[in-house]
Structure formats: structure tokens, C-alpha cells
Amino acid sequence: KGRPDPSVPPSGVSCSGCGAELQCRDGAAPGFVPAEKYRSLSEGPAGPAGLRGAVCQRCWLLAHHGRALRLQLPPQQHREVVSAALRRPPRHGRGPLLLYILDLLELPDPVLPQLPGLLGPDVPAAGLLVVGNKVDLLPADAPGHLGRLRERLAAACAQAGLGGAPLVDVRLVSAKTGFGLEGLISRLQRSWKCAGDVYLLGATNSGKSTLFNSLLRSDYCKSRAPDVIDRATVSPWPGTTLNLLKFPIINPTCDRIFRRQERLKEEATKTEDQLSSEEKKYLNQLKKQGYLVGEVGRTFQQQKSSHVVDFDPDMLSYSIDEDPRHSPKKNEEREEFTYNEVKDARWCFDTPGIVKENCVLNLLTEKEVKLVLPTHAIIPRTFILKPGMVLFLAALGRVDYLQGEKPAWFSVVASNLLPVHISTLSNADALYEKYGGQEFLKVPMGGEERMKEFPPLVPQDITLKGIGTTEAVADIKLSSAGWVAVTAHAGEKLLLRAYTPKGTTLVVREPPLLPYISTIRGGRIPGTAAYRTKKPPSLVENLKTTGRR
């Protein structure tokens, strides 16, 4: 919706959601605001500055309607924006720290090996800290699972050629539930202090903008900044952060670090019973979403002035249903940093997500992406299959058990919204033919028409040797749709055939990410290949576990 006007020059003002330059010339290009709205904001007494704090049409649709407009920004251009930023001459005589965020579910991360190339020999990076995000979505398959995940993350870094000196640390966090974030902030403040700028890098959908938003509301950021800087648009659609968004980093002086430690110590003595009803409500909401939850607090709160503007895209951008309205009062009240506050500031930059090539998400519509990307704690689904049986994960992946002496266990780790169906080899093709594009297999959706344009499933043969009935031998990762952990009797040889859509990557992950995943199950459901599912309890960090009144 909204017409362009090619005669109006670009504004020179960035969208506060994605960092693209606001413009009304081209509806398909980044930063588009409909001409009528653009004029109402830029032709007031403040001139183009009236656009400050506005968000472009795409960010507004993402934030409010979960609907993305097709944007013309090829992967190569994405890379150029990131690469150019990293090649800026070092400020303050020190190269930047790179905070690389990856989605743990995507290990081995497809973009990690591109990192050395992206940096090139002429990038004066002073350090690299790798953050494994979305740890809250994975169930604890056995004691020590976080240690094992951290080992897998470190191994993936070494494999990608990042084992050298600049690798500062690897951390596990959940940008969404806050787990591990206070630890990450303490690590950054201890080792990096305020030495230089920090860049957040990562593939699309790794949770980079969510982390940026969490850090913006934490002790990592100057205390007035959250009131002045709007949050990056958070959305599951790939590639939503277009140019560079930034916030100023607080200088962790000895006094500030001491005050922060005191706050963290005090919070660690609290039990859940001592939280306010509002805090409890929020905590319970997070517990439903993830297995691991943490609270991110603020030590250095500034007194809020009475006229701080909250992020209100309806007012700052435009309304879908009504005519765009100009609200001069709101814009006059927007806070700005003073020159002194930022003249020597070190900044934390968000960067555009690097597009994953050969990824199934690139083939899907917004609606389908929402079903495929897990947003809640994943409940593993385990099935016992005999040779001649087939497992479907929606219509996006398929695993055939071709040969083996004994039954084996297949545990699916994928979005809880994706259906899993078991069939026989003789019926499998007909089942896919009949139900592809229908509600039964769910994704893709859109019937025969959709399936005509959707790439066919292509096979890859896999041979595995079992190591015991409680420990998986490997994960069959069906691109970004999820994975199937295979558990088999010790010494048992299995011949499998796995399928993913043409042009997407199938990975056999050895060792598996959660080796004991098949043990998280209830009893067998009579007359089926399935076991009842079991959801392990959630864990809250930095709170006492028992509440004695």
C-alpha cells in the first residue's frame, strides 16, 4: 500500500527499525515510506528531521502485521554492506570486536566458514567472540548438556578455521529469554571494556537483532540510550536488518562494575516467590517459550524525563487502515544525544543478516517460515521404525529406513508446529503426491499450484553404525527444517535414504547435537510407531530454586 513519488530526493535520515535510508521514490527498495506519509513528516517545521524516529513501510509491516514486502537486496549486496563496515579504518586506534551470533540449531553454521573471507587480510579485527543463540529451544537430553553444546560450538569454530588467536570466547545464550546474557555482558565488560567498537554479525534468523535489542536494554548500553534509540525490528523473515543500527557502549569503570556485581548478587538471593506479580507473569510467559530463562536487569537507570517517547510505529510511521497522520508534537519531543554524550563513544553496531544459501527457508513464504522456525521450546518426537518404513517432516524432508537387522529410533527435533507422519516405503511417494501442499503435511501450503513451483525432494544415501540404544549415532539435518537423530543397537548397520528439496543442503551431523534425545519420551502409543512426548521442566538462572517462605 502507498504510492511512490520518484521526484522526491532521498532523506538522508535512517529508518529506526532497519537502518535503511528513508525514501519515497521506489516501493521495492529498502527504506520506502509512502509519498503522502513521507511529505507529511518531512514538510513540517523541522524539515527532513521530522522523519527522525520514523520506520519504513517494511519494518512497520514486519512489526505489526508479520508481513514482509519482497525486497530487492541480493546476497552479494548484503555481504558488501557488512564487509565495507568492517573495513572502516579503526577508530580509537583499535580494531573492532566482532560478536558473531549463530543459531545453535543450525550447527555446523553455514556462514561461519565465510567469516575469514568476509574479514579478509585487511580487516583489523582485534577479537572475535562467538555466541550460540537459541539455547532455550533445546531440551536437556542428559546432565551436562550445556557443556556438550559449548564443545560442539567450539569444534564448529575450529572447523571453520577460526581457532586462531583472535577467538576470545564462545558463549551460549538465548537473546529472547535472556538466558546467559548477564554472563555475556560481564565477559564483554571484563575482557573488552570500552576499547573499541563492537559489531554484531550473523546469518539471517540467527537472532542478531533480538540480541541487539536485549543489549540496548541492559548494562552494556549508555543509560539514556534506550530512550533515544528505537529498537531494531525483530522478525523471523530472513534479512531484516538492512544497514547499520548502533547504540553507544557504557564505559565499565571500576565503580560501575562494582555496582553491577552488587545488583547481580542481590538478585541471585531472590526466589521466585519474592518477585512482583508482574515479574512472575513475565517469567511464566518465558518459561512456556523456552527451557532456559534468565533475567536481564539494569544497574544504571537514569531518571526518566516525563516526555520520553515510546516506540510507537503507528504514530511514527503510518496507519494501514487510515490516512497517514502527521503528529508534530511527538516529533518535537523526540530526545537526541548531546555532542558531549557521544563524541568519544564506542558503539555497538547491528549489521544486516548474511543470507544463508541453499537454505529451505529461501523457498518458503512468510506464513510458511513462521511455521518452520521454532519460537517455543522444542518437544522431541521419537518413533521406532523397522526397515521398510518412512518418516516425513511436513513435505520438507523425508527419511527412509531401507536396510537393517533391528528396529531403530528416530527422534525429530523441529518446530512443534510441523507435522511428522510415518508411512511405508510402498506408500510414501503416493502420500507425498496426494498431501503435498495440503493441511496434512502443512508446509508448503497452497495446494497443487504451490507444489508445481516447489522443487522436488532429492535423495541422498546414508550409512550409519549404531552405538547403543540410549545414544544417537548422528543427526540427519534436513536443511533448516529440523533434524532427525538416529539411535540404533550397538554395531547395528543401517542404510537410510534422506530427502530434502532440490537446491537445499542435507547434513549428516556426527556427533549429534543432543546424543541422548531419544530418552526424552513417554510410553509407546499402542498400535503406532510413536512414543508419547515429554516436556522437560524449564530452568531459571540467577534466581534461587527453592522458595521457602
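These legends accompany several close-up views of a predicted model.

**View 1. The whole chain, before we zoom in.** This predicted model has 16 helices and 18 strands in its secondary structure. Of the 549 residues in the chain, 55% are buried. Contacts with a separation of 6 or more are counted here by distance along the sequence: 77% of them join residues 24 or more positions apart. Keep that in mind as you look at the views that follow.

**View 2. Helix α10 and its two sides.** Helix α10 runs through residues 277-289, 13 residues in total. From first C-alpha to last, α10 reaches 19 Å, close to the 18 Å expected at 1.5 Å a residue. Look for L283, L286 and Q289, which are buried in α10. These buried residues sit on the same side of α10 because they cover an arc of only 115° around the axis. A general point helps here: an α-helix has 3.6 residues a turn, so residues three or four places apart point the same way. On the other side of α10 you will find S277, K281 and K288, which are exposed. The cover over the buried residues of α10 includes β6 (292-293) and β18 (539-540).

**View 3. Strand β16 with its partners β10 and β13.** Here β16 (residues 493-501) meets β10 (residues 397-403) in an antiparallel pairing over five bridges. Within this view, Y401 stands opposite L496 in β16. Strand β13 (residues 457-465) also pairs with β16 in the antiparallel sense, this time over nine bridges. For a landmark, find L464, whose bridge partner in β16 is L494.

**View 4. The largest nonpolar core, centred on L396.** This core has 50 residues, and L396, F410, I476 and L496 are those with the most contacts inside it. You have already met L496, which faces Y401 across the strands. Leaving aside neighbours within four places in sequence, L396 is in contact with a long list of residues, including V360, L364, V372, V443 and P444. Others among the contacts of L396 are F454, L457, A481, Y499, T500 and P501. A second, separate core has 46 residues, among them L86, L112, L149 and I378.

**View 5. T504 in the loop after β16.** T504 lies in the loop between β16 and β17 (506-509). Although it belongs to a loop, T504 counts as buried because its relative accessibility is 13%, below the 20% cut-off. Its side chain makes a polar contact of 3.3 Å with the side chain of T500. A polar atom of the T504 side chain also lies 2.6 Å from the backbone oxygen of P501. Not counting residues up to four places away in sequence, T504 touches N358, C359, V360, L363 and S479.

**View 6. E357 and G503, brought together from afar in sequence.** E357 is in the loop between β7 (347-350) and α14 (366-372). With a relative accessible area of 43%, E357 is partly exposed. Its C-alpha atom is 9.0 Å from that of G503, and 146 residues separate the pair in sequence.

**View 7. G147 on helix α5.** Our last stop is G147, which lies in helix α5 (residues 145-159). G147 counts as partly exposed because its relative accessibility is 38%. L172 is 25 residues away from G147 along the chain, and their C-alpha atoms are separated by 9.5 Å.

Key:
Residues are numbered from 1 along each chain as its sequence is written. This is a predicted model: local features need pLDDT of at least 70, side-chain atom pairs count only at pLDDT 80 or more; totals for chains, interfaces and linings use all residues. Side-chain values use heavy atoms; hydrogens and water are left out. Helices (H or I, at least four residues) and strands (E, at least two) are DSSP runs, numbered from the N terminus. Buried means under 20% relative accessible area, exposed over 50%, partly exposed in between (1.4 Å probe, protein chains only). The expected span of a helix is 1.5 Å times one less than its number of residues. The arc is that of the directions from the helix axis to the C-beta atoms. Contact means heavy atoms within 4.5 Å. Two strands pair if DSSP finds at least two bridges between them. A nonpolar core is a set of buried Ala, Val, Leu, Ile, Met, Phe, Trp, Tyr and Cys residues joined through side-chain atoms within 4.5 Å. A polar contact is a pair of N or O atoms within 3.5 Å; within protein, one must be able to donate a hydrogen and the other to accept it, and residues adjacent in sequence count only if both atoms are side-chain atoms.
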